[in-house]
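Trainee: Please take me through one part of this model in detail. I would like to look at the place where the two chains meet.

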Amino acid sequence: MSIFVNKDTKVIYQGLTGSQGRFHGLRNRDYGTQVVAGTNPKKAGESVDGIPIFASVEQAKKETGATASCIFIPAPGVKGAVLEAANAGIEFIVVITEGVPSHDEAQFYNEVKTNFPDTFILGPNCPGIITPGECNIGIIPGQIALPGGPVGVVSRSGTLTYQAVHELSQRGIGQTTCVGIGGDPVPGVSHIDCLERFEADDETKAVIMIGEIGGSAEEDAAEFIANKMTKPVVAYVAGVTAPAGKKMGHAGAIISGGKGTAQGKMEALQAAGATVVLNPTEIGEAMAGVLENI
Amino acid sequence: MDLLEYQGKQLFAKYAIPVSDGKAVTDVQSAVDAANEIGYPVVIKAQVLVGGRGKAGGVKLATNEDEAREHATSILGLDIKGHVVEILWVEHASDIAEEYYASFTLDRAAKKHLGMLSAQGGVEIEVVAEENPDAISKIWIDPYIGLTKEQCVAWVDGAQLNPKARDGAVDILLKLYDVYVQGDCDLAEINPLILTPEGNVHALDAKVTLDENAQFRHEDWAEYESTQILDARELMAKEKGLNYIGLDGEIGIIGNGAGLVMSTLDIVNQVEGRPANFLDVGGGADADLLANAIEVVNSDENVKAIFLNIFGGITKCDDVANGVVQATSKVELKSPIVVRLDGTNVDQGRAILEANPNPKVVVASTMLDAAREAVRLSK
């Protein structure tokens, strides 16, 4: 099993005709993802390496039956692209683009939530999602993932996700699904959305959660772990030594008003019963230990 | 991007939020001329991007030309917490009956905009929040709907301001919300928002932080660039398009991905080193970008060792290794560089570094080993 996406998920790429969209869209297809369409109003009727291009998401969905989309549109166009996908009835929208204004994020997140409560937005500014061996949407390097479970991964950071997945695969520990939720101020899919689904997924036996400074998503996740989760969680939080008031690369990674420190997040996760590691290269070993005790 | 007070006030004025008449100047004579033109008494205020200006002697009242000259002279060039005053804001002094606090910002947990209003203004809102949280009236605004007048009135009533301030406050807050949303602000704050003895409400200070991601739709922001305070290293990095933050240690840090770089800082601290910077080269870093990154870090006089930490995903370790070889042939390294490569094409990457030996380039196999080695070499 898996969460959110699997081998049957059909995906439309908004921005497939651009260089990033084409590069990653074709890589995703090579991995086995059902990349069924691209969109570009000016290039409708054309194709990208055999993938048909439609004028709109609505049309692409009608012709292909896709339920997911992946957005590689430049930041100024992301708000329009997300709303177009949601209005067309797409249920899972992955936004890879970074640099989206936070007012846009706040606006389209709430508009989609109001009008389409069952639609999920993953990102913006995220690496995407992979169910190893079945479906890879976004920019996660598929070759480092190992199919078959039993570990689910959810992370705010791209490279740290890769690091963690790599550590697991090297030890022969597979993954059910790995979700990069992104480091922006208003992420759609949250840590909790993923933890909830991993808890309900039969094949997932344990979960890795990677957080970073800023906001309170990790504290909220800790509360969820304490009250709702029976499966073990290994957690890592980046940014213990980040100075307050400085944006550490991700727009969301900032300690402000003394809130959102890594220390506070790690303490909350530890108190919730998670195994907290102090550096990302310990994640694999810690998970191996956790799995032995199941 | 943080705005200076006068820039924030000029932005407020565009939205018809009442602010005092004033002028920004950069020399003493212009300050005196501005004071004469505005009419006494005037307040002369240092324009710096740090709090605590008043206590540091950066805000002074002048009742005549001599005082204006004296204060302008003493404040220009003043060092306030490491920020040297280069710009003064001269404005007509206001009589204050009461001081309030008002702001809009994004509440990331709620994923909605948060408005805060308090009858206890003039002090840091964090202090009020800690000592007397009930004194802050909060409102959560759905960005899809916006702030309605009814909501705003109820919010102002909840803050229990002087009844005389009610209408003026509602008017200003509705306008401030427009500044916040249309202006793509991360923060729009007025502290203090004042009530004058005559019953007028107006903004006595302005604190505005802009979301740089929205620069593409604000051509007028270009004028703020010149007053941004960056240190020399940050300036050089910005020119080269690098995501760099200066810190004050001696280990230069370069990595790919914000999370990985943050955790690199952590691990260096864990083995008792102090990072000199945060530098994220991002995904798909090529040889040129790496050379630029190494050049920026290498130019920092405090740096005694460099730690290059790459996890290859889309980025391939052999490309990175070629970048290191190219960079070290172009830039003369002042300090040793410890390279940790892992992930895609790691074996090819390490082979390239072995085939091009350089006494200043050290290859380590794990993050922890690399951090230890960098700290050892920095001593």
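Mentor: Here is a walk through the contact between the chains, with a short stop at one helix afterwards. Keep in mind that this is a predicted model.

Start with the extent. Chain A puts 57 residues into the contact, and chain B puts in 47 residues. Together the two chains bury about 4,000 Å². Carbon and sulfur atoms account for 59% of that area. On the chain A side, the most area is lost by His103(A), Thr159(A) and Met248(A), together 17% of what that side buries.

Now the polar side. There is one salt bridge between chain A and chain B. It joins the side chains of Asp104(A) and Arg217(B), at 2.8 Å from N to O. The interface also shows 17 residue pairs in polar contact.

Which elements of chain A take part? Two or more residues each come from helix H1 (19-31), helix H4 (102-115), helix H5 (158-170) and strand S13 (233-238) of chain A. H4(A) gives the largest share, ten residues. By type, this side of chain A has 26 nonpolar, 25 polar and six charged residues.

Last, helix H5 of chain B, residues 149-159. Cys152(B), Trp155(B), Val156(B) and Ala159(B) are buried there. These four lie on the same side of H5(B), because they cover an arc of only 95° around the axis. Their cover includes strands S7 (98-107), S8 (112-118) and S9 (136-141) and helix H6 (166-182), of chain B. After H5(B) comes Gln160(B), with a positive phi near 50°.

Technical notes. Residues numbered from 1 in each chain as written. Chains lettered and ligands numbered in written order. Predicted model: local features only at pLDDT ≥ 70, side-chain atom pairs only at ≥ 80, totals over all residues. Heavy atoms only, no water. Contact = heavy atoms within 4.5 Å. Buried area = accessible area lost by both parts, 1.4 Å probe. Salt bridge = Lys/Arg side-chain N within 4 Å of Asp/Glu carboxyl O. Polar contact = N/O pair within 3.5 Å; in protein donor to acceptor, adjacent residues only side chain to side chain. Nonpolar A, V, L, I, M, F, W, Y, C, P; charged D, E, K, R; others polar. Buried < 20%, exposed > 50% of the residue type's maximum accessible area, 1.4 Å probe, protein only. Arc of directions from axis to C-beta.
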